[in-house]
Amino acid sequence: GSILRGVLREGDEIEIRPGIMTKTGDCVPIHSRIVSLFAEKNTLKYAVPGGLIGVGTKIDPILTRSDRLVGQVLGLRGHLPPVFKELDVSYHLMRRLLGQKSE
């Protein structure tokens, strides 16, 4: 994946959120440790924003099958924002659309 901000290092404690969905609808984050970092065919000691980074972890491969972790967010343990299950949205319609010809 891509690093948007911050630095990842080998040995860092990480968590993946939202993680695993339970039958009750709760999200359980996945905790692990970084064991390797790769960029193309190069092994890295640390990774900074820019380019695609492969992060090797101690996560059981069964959790990654069938692209189950697509869309998940990885960060340092305890530094990720909370997961929201519900969102309230209020909106209003505009009287006219900008960039449209009026009749």
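**Strand pairing, core and pocket in a predicted model**

Strand 4 (residues 42-44) runs antiparallel to strand 3, and 3 bridges join the two. The model described here is a predicted one. Within this pairing, Ala 39 has Asn 42 of strand 4 as its bridge partner. Strands 3 and 4 form a hairpin with 2 residues between them, and Glu 40 takes a positive phi near 55° in this hairpin.

Strand 3, which spans residues 27-39, has further partners. With strand 2 it pairs in the antiparallel sense, over 6 bridges. A convenient place to look at this pairing is Ile 16, which stands opposite Ile 30 of strand 3. Strands 2 and 3 also make a hairpin, here with 5 residues between the strands. Gly 25 lies in the turn of that hairpin and has a positive phi of about 95°. Strand 6 is likewise antiparallel to strand 3, and 4 bridges join them. Leu 37 and Val 55, the latter in strand 6, stand opposite each other. As a general point for reading such strands, side chains in a regular strand alternate between the two faces of the sheet.

Attention now turns to the nonpolar interior. The largest nonpolar core has 8 residues, namely Ile 3, Leu 8, Ile 14, Ile 34, Leu 37, Ala 39, Ala 47 and Ile 53. Strand 3 supplies the largest share of this core, with 3 residues. Two core members, Leu 37 and Ala 39, have already appeared above: Leu 37 stands opposite Val 55, and Ala 39 is the bridge partner of Asn 42. Ile 3, also in the core, is worth a closer look. Leaving aside residues up to four places away in sequence, Ile 3 touches Leu 8, Ala 47 and Ile 53, together with Val 48, Pro 49, Gly 50 and Gly 51.

The last feature is the largest pocket, which holds about 1100 Å³ of space. Its lining consists of 31 residues, and those nearest the pocket centre are Ser 2, Gln 72, Val 73, Leu 74 and Gly 75. Two or more lining residues come from each of strand 2 (13-21), strand 6 (54-57) and strand 7 (73-76). Strand 7 gives the largest share of the lining, 4 residues. Sorted by class, the lining of the largest pocket has 18 nonpolar, 9 polar and 4 charged residues. Strands 2 and 6 thus link two parts of this description, as both contribute to the pocket lining, while strand 2 pairs with strand 3 and strand 6 is joined to strand 3 by bridges.

Terms used:
Residues numbered from 1 in each chain as written. Predicted model: local features only at pLDDT ≥ 70, side-chain atom pairs only at ≥ 80, totals over all residues. Heavy atoms only, no water. 1 Å grid on protein atoms, 1.4 Å probe; cavity = no way out; pocket = protein on both sides within 12 Å on 5 of 7 lines; lining within 4 Å. Points joined across faces, edges and corners; volume = space filled by probe spheres on them. Nonpolar A, V, L, I, M, F, W, Y, C, P; charged D, E, K, R; others polar. Core = buried A, V, L, I, M, F, W, Y, C linked by side-chain atoms within 4.5 Å. Buried < 20%, exposed > 50% of the residue type's maximum accessible area, 1.4 Å probe, protein only. Contact = heavy atoms within 4.5 Å. Pairing = 2+ DSSP bridges.
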